[in-house]
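Biologist: I am new to this one and would like to learn how to read it. Could we go through it together, feature by feature?

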Amino acid sequence: MSVHVRRDADFQPELRKNLVTREWVVIARGRGKRPSDFAVPTGEQEPVPEHDSKCPFCTGNEKNTPPEVFAVRDGGGANSGGWTVRVVPNKFAALRREGSDQVRQVGLHTARDGHGAHEVIIESPAHNLDLWEMTEGQVESVIEACQQRFLAYESGEILHYVLVFRNHGARAGTSLEHPHSQLIAAPVMPRQLQVEMQGAAAYWEYLGKCVYCALIEDELRSGERIVLETRHFIGVTAFAGRYPFETWILPKRRAIRFAAMSEEEAADLARVLKDTLGRLAGCLNRPSYNYAIHTAPAAEHNVRAYHWHMEIFPRITTLGGFELGSDIYINVVAPEEAAVFLREAKAPVG
Ligand SMILES: [Zn+2]
Ligand SMILES: [Zn+2]
Ligand SMILES: [Zn+2]
């Protein structure tokens, strides 16, 4: 199941349950290893130039993307230079504006048009920077762009669900190296969010409080999995993380939607995100990773028991038949061990 990491033969594995979704994972590795045991071998990443004349996301090539839908600019008109962050429709969209909302039967099956939206958030004019290498101000602009796009969908047409996610590196499924995130708006609710929202609602019903708030309190009390803490956020390795070094960023103030963050919170999130990704890059030698922003869907008006958050998945292992066949993940690094490494880690220099 793993490319870079081998399991210990003498370690007693542990099954752990995700507090919110109640999904089980196997933690199959103990303590006593160094980050270099998990890190991406040096030489796997090629050096990347600062500007690539063939890249559609680089400055000067604005005409090679569909017209922008949002930009943070110091100057220049729409679809010209002078931007710091630029949001454009994805040319190779997974879901499109066109199409109808009708559900249809195909024999026994159900189908509908792939109606929705797919956007690219171009995070920097520079071709070769990962998010943690950008200035805090730049990361703040990226977060502002995400908030604005969530708001655009929350106030506009009813698409059931909006996900902002980031793929970085070949193992995380990126096709273009220029720094970018993506947004997909879909007319259906994904299972993952449904399970989280149901778990949060059930916890609220039985215990009268938010499961994520309870988790934050518990993590701060034990400190075992805390990676960092700021005024408004905590970064914590997930107790039942599916991926080695899986790290969650949670706002201390309960809000069901990401877009509801204040300016001060957004600035703090920029610091936390930059810091966390920098630590992962330092610890694991710039691994491929994905992250996702989990926020309550705009079309749901009666959500009470939710708490938006970000989940970061370093991709240092490969999924195998057990994961695909059972949906139970094998995580080869104990989250407590990962937290120790990440607390000590610093972003790479140069
Ligand atoms: Zn580029
Ligand atoms: Zn909460
Ligand atoms: Zn989540």
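Biologist: Let me begin with a helix. How many residues does helix 1 have, and what distance does it reach from its first C-alpha to its last?

Modeller: Please keep in mind that this is a predicted model. A simple check on a helix is to compare its end-to-end reach with what 1.5 Å a residue would give. Helix 1 covers residues 136–155, which makes 20 residues, and it reaches 28 Å, close to the expected 28 Å.

Biologist: Which residues of helix 1 are buried?

Modeller: Here is the general idea: an α-helix has 3.6 residues a turn, so residues three or four places apart point the same way. In helix 1, the buried residues include Q138, V139, S141, V142, A145, C146, R149, F150, A152 and Y153.

Biologist: Let me step back to the whole chain. What is the protein chain built from?

Modeller: The protein chain has six helices and 15 strands. Its C-alpha trace spans about 60 × 50 × 45 Å along the principal axes.

Biologist: What does the radius of gyration say about the protein chain?

Modeller: The idea is to set the value beside the one for a compact globule. For 350 residues that would be near 20 Å, and the protein chain has 20 Å, so the two agree. As for burial, 39% of the 350 residues count as buried. Contacts tell us about the fold too: among those with a separation of 6 or more, 69% join residues 24 or more positions apart.

Biologist: Which domains does the assignment give?

Modeller: Domain 1 is 14–45 + 191–344, and domain 2 is 62–94 + 110–186. Their C-alpha centres lie 22 Å apart. The contact between them takes 26 residues from domain 1 and 28 residues from domain 2.

Biologist: Which elements each supply at least two residues of the side of domain 1 that touches domain 2?

Modeller: Those are helix 4 (263–284) and strand 13 (289–294). Helix 4 gives the largest share of that side, 10 residues. Sorted by class, the side of domain 1 that touches domain 2 has 19 nonpolar, four polar and three charged residues.

Biologist: And the interior? Which residues have the most contacts inside the largest nonpolar core?

Modeller: In soluble globular proteins, nonpolar side chains tend to be buried together. In this model the largest nonpolar core has 86 residues, and those with the most contacts inside it are I121, C146, V162 and L273. Helix 4 gives the most to this core, with nine residues. The core draws at least three residues from each of domain 1 and domain 2. To look at one member, L273 is in contact with L131, V139 and I249, leaving aside neighbours within four places in sequence.

Biologist: Helix 4 keeps coming up. What do its end C-alpha atoms tell us?

Modeller: We can use the rule of 1.5 Å a residue again. The 22 residues of helix 4 should span 32 Å, and its end C-alpha atoms are 31 Å apart, which agrees. Helix 4 is followed by N285. N285 has a positive phi of about 60° although it is not a glycine, and it is found in the loop between helix 4 and strand 13.

Biologist: Is N285 buried, exposed or partly exposed, and why?

Modeller: The way to read this is to count the C-beta neighbours inside 10 Å. N285 has 19, so it counts as partly exposed; 20 or more would make a residue buried. Compare D327, in the loop between helix 5 (321–326) and strand 15 (329–331). Its phi is positive too, near 65°, and D327 is exposed because just 11 other C-beta atoms lie within 10 Å.

Biologist: Where is W83, and what does it touch?

Modeller: W83 is in strand 4 (residues 83–89). It counts as buried because it has 23 C-beta neighbours inside 10 Å. Not counting residues up to four places away in sequence, W83 touches A71, V72, R73, G76 and P125.

Biologist: Why does Y203 count as buried?

Modeller: Y203 is buried because 20 other C-beta atoms lie within 10 Å. Y203 is found in helix 2 (residues 191–207). Beyond residues up to four places away in sequence, Y203 touches V211 and A305.

Methods:
Residues are numbered from 1 along each chain as its sequence is written. Chains are lettered from A and ligands numbered from 1 in the order in which they are written. This is a predicted model: local features need pLDDT of at least 70, side-chain atom pairs count only at pLDDT 80 or more; totals for chains, interfaces and linings use all residues. Helices (H or I, at least four residues) and strands (E, at least two) are DSSP runs, numbered from the N terminus. The radius of gyration is taken over C-alpha atoms; the globule rule is 2.2 Å times the number of residues to the power 0.38. A residue is buried if 20 or more other C-beta atoms lie within 10 Å of its own, exposed if 12 or fewer, and partly exposed in between; C-beta atoms are placed from the backbone. Two residues are in contact if their C-beta atoms, placed from the backbone, lie within 7 Å. The expected span of a helix is 1.5 Å times one less than its number of residues. Domain bounds come from an automatic or database domain assignment. Ala, Val, Leu, Ile, Met, Phe, Trp, Tyr, Cys and Pro count as nonpolar, Asp, Glu, Lys and Arg as charged, and the others, Gly among them, as polar. A nonpolar core is a set of buried Ala, Val, Leu, Ile, Met, Phe, Trp, Tyr and Cys residues joined through C-beta atoms within 7 Å.
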